[in-house]
Amino acid sequence: MVCRMRPDKREEYLALHRDVWPGVEAMTRQGNIRNFSIYAIEDVLFGYYEYIGEDFDADQRRMAADPVLQEWWARTAPCQLPFTADTDVPNWQPLEEAWHLD
């Protein structure tokens with residue numbers, strides 16, 4: 001997935017991620033997400049994770065209902081912009097897989 005950082009919020013976003021809240025990490029694991037990484041270059045963020053569950057939509061709903069994640073997203077979302085201006089996706093946009101090596 002990909003999004004952009006608001007230039008004036010770049011340091012705030014990176015600072016949040018240098019010290020991710022334990023509840024955010026715990027709920028992300030409970031949502032069956034593993035190996036989650038975010039990479040930054042200039043104002044572009046690339047995110048990658050592996051989903052190990054059986055019902056992605058249900059896990060996503062459970063995560064979205066969590067008060068800790070809601071507060072986290074309330075702090076991180078203002079730091080982000082969609083990658084393309086013409087999307088209806090609020091921030092992170094999914095990427096199409098172009099190649100994969102097992």
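Leaving aside neighbours within four places in sequence, which residues is Leu16 in contact with? Select Leu16 and look around: Trp72, Arg75 and Thr76 are its partners, where contact means heavy atoms within 4.5 Å.

Before you go on, know that this is a predicted model, in which local features need pLDDT of at least 70 and side-chain atom pairs count only at pLDDT 80 or more, while totals for chains, interfaces and linings use all residues. Residues are numbered from 1 along each chain as its sequence is written, and side-chain values use heavy atoms, with hydrogens and water left out.

**Stop 1: helix 1 and helix 4**

Select residues 10-18 for helix 1 and 67-76 for helix 4. Helices here are DSSP runs (H or I, at least four residues), strands are too (E, at least two), and both are numbered from the N terminus. The two helices pack at an angle of about 150°, with their axes 10 Å apart. Axes are lines fitted to C-alpha atoms, for helices over the stretch in contact, and angles run from 0 to 180 degrees between N-to-C directions. That angle makes helix 1 roughly antiparallel to helix 4. For the wording, under 35 degrees is roughly parallel, over 145 roughly antiparallel, 65 to 115 roughly perpendicular, and the rest oblique.

Now show the side chains in the contact: Glu12, Tyr13, Leu16 and His17 from helix 1, and Trp72, Arg75 and Thr76 from helix 4. By class, the contact of helix 1 with helix 4 has three nonpolar, two polar and two charged residues. (Ala, Val, Leu, Ile, Met, Phe, Trp, Tyr, Cys and Pro count as nonpolar, Asp, Glu, Lys and Arg as charged, and the others, Gly among them, as polar.)

Zoom in on Thr76, in helix 4. Is Thr76 buried or exposed? At 5% relative accessibility, Thr76 counts as buried; the cut-offs are under 20% relative accessible area for buried, over 50% for exposed, and partly exposed in between (1.4 Å probe, protein chains only). Not counting residues up to four places away in sequence, Thr76 touches Tyr13, Leu16 and His17.

Across the contact, pick His17 in helix 1. This histidine, His17, is partly exposed, with a relative accessible area of 26%. With residues up to four places away in sequence set aside, His17 touches Ile38, Trp72 and Thr76. His17 and Ile38 sit 21 residues apart in sequence, and 9.0 Å apart in space, C-alpha to C-alpha.

**Stop 2: the nonpolar cores**

Select Leu16, Val24, Met27, Ile33, Met63, Leu69 and Trp72 together: these seven residues make up the largest nonpolar core. Such a core is a set of buried Ala, Val, Leu, Ile, Met, Phe, Trp, Tyr and Cys residues joined through side-chain atoms within 4.5 Å. Helix 2 (22-30) and helix 4 each supply at least two residues of this core. Apart from the largest core lies another, of five residues, among them Cys3, Met5, Tyr13 and Leu45.

**Stop 3: helix 2**

Which residues of helix 2 are buried? Val24, Met27 and Thr28 are. They cover an arc of only 105° around the axis, which puts them on the same side of helix 2; the arc is that of the directions from the helix axis to the C-beta atoms. The buried residues of helix 2 pack against strand 2 (33-41), helix 3 (56-65) and helix 4. After helix 2 comes Asn32, whose phi is positive, near 65°.

**Stop 4: helix 3 and helix 4**

Helix 3 and helix 4 pack at an angle of about 75°, with their axes 5 Å apart. They are therefore roughly perpendicular to each other. Met63, Ala64 and Ala65 of helix 3 meet Pro67, Leu69, Gln70 and Trp73 of helix 4. The residues of this contact divide into six nonpolar, one polar and no charged.

**Stop 5: a few single residues**

Go to Asn35 in strand 2. Phi of Asn35 is near 50°, a positive value in a residue other than glycine, and at 46% relative accessibility Asn35 counts as partly exposed.

Next, Glu42 is in the loop between strand 2 and strand 3 (44-51). Glu42 also has a positive phi, about 50°, although it is not a glycine. At 65% relative accessibility, Glu42 counts as exposed.

Finish at Ala77, in the loop between helix 4 and strand 4 (80-82). The C-alpha atoms of Ala77 and Trp92 are separated by 9.4 Å, with their positions 15 residues apart along the chain counted as the distance apart.
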